Amino acid sequence: MSLIQPGAMLGVLGGGQLGRMFTIAAHQMGFQVTVLDPDKDSPAGRIADQFICAAYNDQAALKQMCEQCAAVTTEFENIPAETLNQLAQQLPVRPDAQSVAIAQNRIAEKRYLQNNGFTVAPFAVIEQVTDIDAVHDLFPGILKVSQFGYDGKGQRHVCNQGELAAAFEDLKAVPCVLEKKLPLQCEISIVLARTAGSAIESFPAIENQHVNGILDISIVPARVSPSLFKQADTEARRLADIMEYTGVLCVEFFILQDDQLLINEIAPRPHNSGHFSIDACVTSQFEQQVRTLCNLPLGNAALHQPCVMINLLGDVWQDGEPDWTKVLRESSAKLHLYGKAEARPGRKMGHFTVLDDTVEKALSNALYIRESLSNH
Ligand code: ADP
Ligand code: MG
């Protein structure tokens, strides 16, 4: 496996904020980046060395990627598997099509996890109306579309078969998973990087708080017992090994009231909950993505200081552009804005990270900053 050195051109499929932060990390290390995205004004496309504005299955675009890139990665999981397979015939693609295929389909993902001995929430596959009759004990439950759901989109809460039937119809009767709604104590994630040579470096466990199904706050290190942290880390590593995964992987966990640990879902890429690593770790998740893509050794993922990350959704812009000095005047706060033109409610526009000696101090400072941002 050849090593790709700084100076080379790296390709990324998808031009959102994850692609943008990958591009920034790659640039810092002296790589060039080509971004492919159908949106002509994508956050990563704006800062890339080369921007190809085309569909993910556009043959001319894929040919151009092959000609000019040394390797290709992806920033979101809904890239057609065929595109990844096609590119993989000519250059290294990380993560591989097989890993992406598992993570882009909730049905495949849940079955894969279950078949490999991981615990997931009780679920049923709902592919047609008749599947609903067999469901009796999953209420109250959450019906989730199997593909293309994100940030809580494509989900409906249901309490009985009648509501399930209505929700399934409302979701256009596409293949879905019905999951039992579980009493959560908290949610954590493990973000790790794994090389083709099977070395793994994982970040500390991240505690995640969601609002309306969208990540709101990440707290690092997670306020869980060392044994739960160890268990989550061990499971995430075992999963990455079983998948023979190369790249950055995020495993989202539920912790139930009785301390039971379940896998919620996985993301075959850097994850929103790992954004803290840009400011708080020796090596960020995006630098690890560059390193795994290029067969370079992994960087140290250790934390400099406890930290808290808060997402900035479009809602923060409801009275116009916020006064960013309210973040920047706090000397241990780091502001990240993704350069998106339109601030729609619920849209991820940026985030900020606050570092401090303790998680408690970082959290109260971060909440104070958020509060002051909303008081114009
Ligand atoms: P997405 O792909 O949108 O991130 P998730 O399946 O992770 O979808 O759901 C988003 C959030 O909704 C979760 O992080 C969690 O807070 C809540 N949630 C999802 N499934 C369940 C469940 N079975 N029980 C309780 N809460 C859930
Ligand atoms: Mg999720």
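These legends walk you through several close-up views of a predicted model.

**View 1. Two phenylalanine rings, F203 and F276, meet edge-to-face.**
Welcome to an aromatic pair, one of three in this model. The ring centres of F203 and F276 are 6.1 Å apart, and the two planes make an angle of 80°; since planes over 60 degrees apart count as edge-to-face, that is the label this pair receives. The two partners come from distant parts of the chain, 73 residues apart. F203 sits in the loop between strand 10 (200–202) and strand 11 (206–211), while F276 belongs to helix 8 (residues 276–280). Are these rings buried or exposed? F203 has a relative accessible area of 2%, so it counts as buried. F276 is buried too, with a value of 0%.

**View 2. An arginine, R238, lies over the face of a ring, F118.**
Here you can look for R238 and the ring of F118, with a distance of 4.0 Å to the ring centre.

**View 3. Strand 15 (residues 307–313) is largely enclosed by the rest of the structure.**
How many of the seven residues of this strand are buried? Seven of the seven are, which is why strand 15 can be called largely enclosed. Try following its two faces in turn. On one side you will find C307, M309, N311 and L313, and on the other V308, I310 and L312; both faces are covered, and all of these residues are buried.

**View 4. Strand 15 pairs with strand 12 (residues 214–220) and with strand 17 (residues 348–355).**
Strand 12 and strand 15 run antiparallel and are joined by four bridges. Strand 15 and strand 17 also run antiparallel, with seven bridges between them. M309 is a handy landmark for this view. In strand 12, S218 has M309 as its bridge partner, and in strand 17 the residue opposite M309 is T353.

**View 5. The second largest pocket holds about 360 Å³ of space.**
This pocket is lined by 18 residues, and those closest to its centre are N311, L313, D315, V316 and R370. Which element gives the largest share of the lining? Strand 15 does, with four residues. At least two lining residues come from each of strand 12, strand 15 and helix 11 (359–374). The lining is a mixture by class: eight residues are nonpolar, five are polar and five are charged. N311 and L313 may look familiar, as both were met among the buried residues of strand 15.

**View 6. The largest cavity encloses about 40 Å³ of space.**
A search of the whole structure turns up two cavities of 30 Å³ or more, and this view shows the largest. Around this space are E187, I188, N208, H210, E252, F253, N264 and H271. Strand 9 (184–194), strand 11 and strand 13 (247–256) are the elements that contribute two or more residues to the lining. Sorted by class, the lining consists of two nonpolar, four polar and two charged residues.

**View 7. The second largest cavity has a volume of about 30 Å³.**
To find this space, look for its lining residues: T73, R94, P95, Y245, G247, V248, P268, R269, P270 and Q289. What classes do these residues fall into? Five are nonpolar, three are polar and two are charged.

Technical notes
Residues are numbered from 1 along each chain as its sequence is written. Chains are lettered from A and ligands numbered from 1 in the order in which they are written. This is a predicted model: local features need pLDDT of at least 70, side-chain atom pairs count only at pLDDT 80 or more; totals for chains, interfaces and linings use all residues. Side-chain values use heavy atoms; hydrogens and water are left out. Rings of Phe, Tyr and Trp (its six-membered ring) pair if their centres lie within 6.5 Å; planes under 30 degrees apart count as stacked, over 60 as edge-to-face and the rest as tilted. Buried means under 20% relative accessible area, exposed over 50%, partly exposed in between (1.4 Å probe, protein chains only). A charge sits over a ring if NZ of Lys or CZ of Arg is within 6 Å of the ring centre and within 35 degrees of the ring normal. Two strands pair if DSSP finds at least two bridges between them. On a 1 Å grid over the protein atoms alone, a cavity is a set of points where a 1.4 Å probe fits but cannot get out, and a pocket is an open set with protein on both sides within 12 Å along at least five of seven lines; lining residues have an atom within 4 Å of a point. Grid points are joined across faces, edges and corners, and a volume is the space filled by probe spheres set on the points. Ala, Val, Leu, Ile, Met, Phe, Trp, Tyr, Cys and Pro count as nonpolar, Asp, Glu, Lys and Arg as charged, and the others, Gly among them, as polar.
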